[in-house]
Amino acid sequence: MSASGFMQKLVSLPFLVFCFVYLFVFYFNTFFLFPVLYLQKKLLLYFFVILGLFILVLMLTPFDNLISSGGPTRRDLGPPRNQMEPPQYERMEPPMRPPNGLPRRTGPAVDIASIIIFLMVWLASISFQLMKEWRSSQQRTLVAERDKKGAELAFLKAHINPHFLFNTLNNIYSLAIVNHGQTAVSILKLSHIMRYVTESVAIDFISLEDEVECVVDYVDLQKLRLTKKVYLDFSVTGNTQDKMIAPLILISFIENAFKYGTTNHYQSTITIKLFVEDDSVTFYCQNRIFNGGLTYNRYGIGLENTKRRLEYLYPEKHSLDIQTDKQFYTVQLILQTPS
């Protein structure tokens, strides 16, 4: 076949239709149908669209039209190699007619080749998209693991607060000097907190009952330094057994309430309430704001780390509402708790 004849066949309408149909099927399924419909669980609509594309291919018969448009003939290929032999041509037999005189069908009723190519292109596009999704999933997993390790380290640093530890030890020391009866109990509570923090840092969820015990120990130790000017309203309502919660998710808010919500010059109230229901835990904490009504940007890494952990451990399963006005700082956290 000459170069010009070959180029003419490449730009022929059947060839262009053949290429356009299967390229359209591949890219339309890869970049729209599969990610927008299939991955979004719109399966019925997805398969209806695929069925429509399948019917379109059946109607267009791109492969059959391409073959029927004509390929290279013996004349296009040049003279035979053996010049002594005359060119051989296939004898064109007249179409056979059945007894009723109508022409007999010599080819299949359905363009099988077009269907096979359609299925191959469709499966290839799905494989391409699945491989892409798998690589993205692996990347997200690696990033999540890296962030989790970093969050665990920041979590440990944020909650083993040196100031809390030093203040608590000083308070216990003062109790020991006067032979106070709460000295041994306070040491035991501090030991429980330190053990709980170090053992739960790498665990995503822990018993709600253990978490509440840690909170109670923490509040009891904070009471050692409170003066008569501070009124503490602390309560736990509901059944804490057989429920799970992210460890130390509440301590950041409680710690900041004691750290920034007390003063030796004015009366103040710290309210800490925990409401446990069948499928949720509601935490409420409120304290006065001193120092001229400054907002709590000072909360820093502890609060930011807590927010990150909530997003990681309770995706779309928590509600955190923090309100700051001229007098009070209020936190309300609602968690859907797995049992």
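**Exercise 1.** Classify Asp233: buried or exposed, or partly exposed?

*Solution.* Start with the cut-offs: buried means under 20% relative accessible area, exposed over 50%, partly exposed in between (1.4 Å probe, protein chains only). Asp233 has 23% relative accessibility, so Asp233 counts as partly exposed. The model is predicted: local features need pLDDT of at least 70, side-chain atom pairs count only at pLDDT 80 or more, and totals for chains, interfaces and linings use all residues. Residues are numbered from 1 along each chain as its sequence is written, and side-chain values use heavy atoms, leaving out hydrogens and water.

**Exercise 2.** Find the salt-bridge partner of Asp233 and place both residues.

*Solution.* Take the rule: a side-chain nitrogen of Lys or Arg lies within 4 Å of a carboxyl oxygen of Asp or Glu. The partner is Lys273, with the closest N and O atoms 3.3 Å apart. Now place them. Asp233 lies in strand E2 (residues 230-237) and Lys273 in strand E4 (residues 268-276), so the pair ties together parts 40 residues apart in sequence. Strands are DSSP runs of E, at least two residues; helices are runs of H or I, at least four; both are numbered from the N terminus. Lys273 is partly exposed, at 22%.

**Exercise 3.** Describe the salt bridges of Lys189 and Lys223.

*Solution.* Lys189 pairs with Asp217 at 3.3 Å between the closest N and O atoms. This pair links helix H7 (residues 183-200) to helix H8, 28 residues apart. Both Lys189 and Asp217 are buried. Next, Lys223 pairs with Asp220 at 3.7 Å. They are 3 residues apart in helix H8, so about one helical turn separates them.
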